[in-house]
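Thanks for asking me to look this one over with you. Have the viewer open while you read, and find each residue as it comes up.

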Amino acid sequence: METEDNVIGELLQEISGLIHEYPKALERRAAEIHASGKDPDLAHTLVKAADTMRDSGNLYLTWAKHYASVASGNTDASSDEDETEDFDV
């Protein structure tokens, strides 16, 4: 039987992967729309959305890692790690 620490860690990895891939999917869709010539404004909006999602994903993951650390019993769960590298920011 898995412990809650393991479940939290696994969920954190899954969330991290999804948050990392989501902006890439938006950019791929924007590229498809741009290549088709259908709606350049929509393509531009999706590129900007991908940038926004990278930034907000970074913030979300920082907090998620903090709370995962707290949940594992680390009372000094502050981190000086720079998470921006995770999202090519």
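Here are my notes, point by point, starting with the overall layout.

1. **What you are looking at.** First things first: this is a predicted model. The protein chain has two helices and zero strands. Helix H1 covers residues 4–36, and helix H2 covers residues 40–71. If you look at contacts between residues at least 6 apart in sequence, 63% of them join residues at least 24 apart. Keep that in mind when we get to pairs that link one helix with the other.

2. **Inside versus outside.** How much of the protein chain is buried? Of its 89 residues, 21% count as buried. The accessible surface comes to about 6500 Å², and carbon and sulfur atoms account for 55% of that.

3. **The largest nonpolar core.** Which residues make up the largest nonpolar core? Try colouring Leu26, Ala30, Ile33, Ala43, Leu46 and Ala50: these six residues are the ones. Both H1 and H2 take part, each supplying at least two residues. A bit of background helps here: in soluble globular proteins, nonpolar side chains tend to be buried together.

4. **Leucine 26 and a second core.** Leucine 26 is a good place to zoom in. Set aside its neighbours within four places in sequence, and leucine 26 is in contact with Leu46, Ala49, Ala50 and Met53. There is also a second core, separate from the largest one, with five residues; Leu12, Ile19, Leu61 and Ala64 are among them.

5. **Histidine 20, for a sense of distance.** Histidine 20 sits in helix H1. With a relative accessibility of 24%, histidine 20 counts as partly exposed, because buried would mean under 20%. Now compare sequence with space: histidine 20 and methionine 53 are 33 residues apart along the chain, and their C-alpha atoms are 9.1 Å apart.

6. **Salt bridges: a pair within H1.** The structure holds four salt bridges, and I'll go through three of them with you. One joins glutamate 21 and lysine 24, whose closest N and O atoms are 3.7 Å apart. These two residues are three places apart in helix H1, so about one helical turn separates them. Glutamate 21 is partly exposed at 38% relative accessibility, and lysine 24 is partly exposed too, at 28%.

7. **Salt bridges: arginine 54 and its partners.** Arginine 54 is worth a longer look. Its side chain meets that of glutamate 27 in a salt bridge, with 2.8 Å from N to O. This pair links distant parts of the chain, since arginine 54 is in helix H2 and glutamate 27 is in helix H1, 27 residues away. Arginine 54 also forms a salt bridge with aspartate 51, at 3.4 Å from N to O. Aspartate 51 and arginine 54 are three residues apart in helix H2, so they are about one helical turn from each other. Put together, Glu27, Asp51 and Arg54 form a network of salt bridges.

8. **Is that arginine buried or exposed?** Have a guess about arginine 54 before reading on. Arginine 54 has a relative accessible area of 12%, so it counts as buried, the cut-off being under 20%. Its partners come out otherwise: glutamate 27 is partly exposed at 29%, and aspartate 51 is partly exposed at 42%.

9. **The aromatic pair.** The structure holds one aromatic pair. The rings of tryptophan 63 and tyrosine 67 have centres 5.6 Å apart and planes at 25°, so this pair is stacked. The two residues are four places apart in helix H2, so about one helical turn lies between them. Tryptophan 63 is partly exposed at 46% relative accessibility, while tyrosine 67, at 51%, counts as exposed.

10. **A nonpolar patch on the surface.** Which residues make the nonpolar surface patch? The patch is made by Leu59, Trp63, Tyr67 and Val70, and its area is about 440 Å². Leucine 59 is in helix H2. Why does leucine 59 count as exposed? Its relative accessibility is 52%, and exposed means over 50%.

How values were computed. Residues numbered from 1 in each chain as written. Predicted model: local features only at pLDDT ≥ 70, side-chain atom pairs only at ≥ 80, totals over all residues. Heavy atoms only, no water. Patch = residues over 30% accessible without salt bridge, like charges linked within 9 Å, V, L, I, M, F, W, Y side chains within 5 Å. Areas by Shrake-Rupley, 256 points an atom, 1.4 Å probe, with all protein chains shown as cover. Buried < 20%, exposed > 50% of the residue type's maximum accessible area, 1.4 Å probe, protein only. Contact = heavy atoms within 4.5 Å. Core = buried A, V, L, I, M, F, W, Y, C linked by side-chain atoms within 4.5 Å. Phe/Tyr/Trp six-rings, centres within 6.5 Å; stacked < 30°, edge-to-face > 60°.
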